[in-house]
Amino acid sequence: METIYFLGFTHLCTRNGKGNFMVGRKTEKSRLKRSILKITDKMKEIRHWAIKDQADKINEMLRGHYNYYGMGGNRKSLLRVYCIVEEYWRKMLCSRSWKGLHNLG
């Protein structure tokens with residue numbers, strides 16, 4: 001399988017649901033790791049902010065990531081970032097206090 005790395009994406013040959021050829025795209029591994037690291041580092045900085053302010057900032061960072069990497073065929077990479085950030089934030093809030101645990105809803 002031939003792959004090309006360009007603008008933070010791995011472009012690869014694949015087939016769609018009907019079996020026709022298409023160019024598939026997914027976030028390049030190094031960019032994915034860098035994005036996750038950048039977001040989690042920022043979360044460490046803002047861990048003592050109010051929960052609403054944290055949520056607003058995290059959503060802002062995720063929106064920026066989705067706006068750039070949100071392309072057809074890249075859903076798994078976007079979902080991976082979301083799940084990692086959600087799990088990290090949950091752990092961060094649970095270690096903060098019982099108040100944080102009850103506000104997770």
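How many helices and strands are there in the chain? I went through the elements before anything else and got 4 helices and 3 strands. A reminder to myself: this is a predicted model.

**Order of elements.** Reading from the N terminus, I noted β-β-β-α-α-α-α. The strands come ahead of the helices in that run.

**The sheet.** I looked up how the strands are arranged. The 3 strands make an open sheet in the order 1-2-3, with antiparallel pairing. Strand 1 (3–6) and strand 3 (21–27) sit at the edges with a single partner strand each, so one side of each has no neighbour in the sheet. I also pulled the twist, which averages 30 degrees from one strand to the next.

**Strands 2 and 3.** Next I checked how strand 2 (residues 9–15) pairs with strand 3, and found 7 bridges in the antiparallel sense. I wrote down two of the partners: R15 bridges to F21 in strand 3, and T14 bridges to M22 in strand 3. I keep in mind that side chains in a regular strand alternate between the two faces of the sheet. The two strands form a hairpin, with 5 residues between them. Which residue in the turn has a positive phi? I found G19 there, at about 95 degrees.

**The core.** Then I moved on to the nonpolar core. The largest one has 15 residues. Those with the most contacts inside this core are I39, M43, I58, L62, V81, V85 and W89. I asked which elements give two or more residues to it. They are helix 1 (29–45), helix 2 (51–69) and helix 3 (75–96).

**W89.** I picked W89 for a closer look, as it is on that list of residues with the most contacts inside the core. Which residues does W89 touch once its neighbours within four places in sequence are set aside? My list reads M43, I51, Q54, A55 and I58. Of these, M43 and I58 are also on the core list.

**Whole-chain numbers.** Last, I collected the totals. The chain has 105 residues, and buried ones make up 30% of them. For contacts with a separation of 6 or more, I noted that 42% come from residues 24 or more positions apart. The chain exposes about 7700 Å², and carbon and sulfur atoms supply 55% of that area.

How values were computed: Residues numbered from 1 in each chain as written. Predicted model: local features only at pLDDT ≥ 70, side-chain atom pairs only at ≥ 80, totals over all residues. Heavy atoms only, no water. Pairing = 2+ DSSP bridges. Axes fitted to C-alpha atoms, helices over the stretch in contact; angles between N-to-C directions. Buried < 20%, exposed > 50% of the residue type's maximum accessible area, 1.4 Å probe, protein only. Contact = heavy atoms within 4.5 Å. Areas by Shrake-Rupley, 256 points an atom, 1.4 Å probe, with all protein chains shown as cover. Core = buried A, V, L, I, M, F, W, Y, C linked by side-chain atoms within 4.5 Å.
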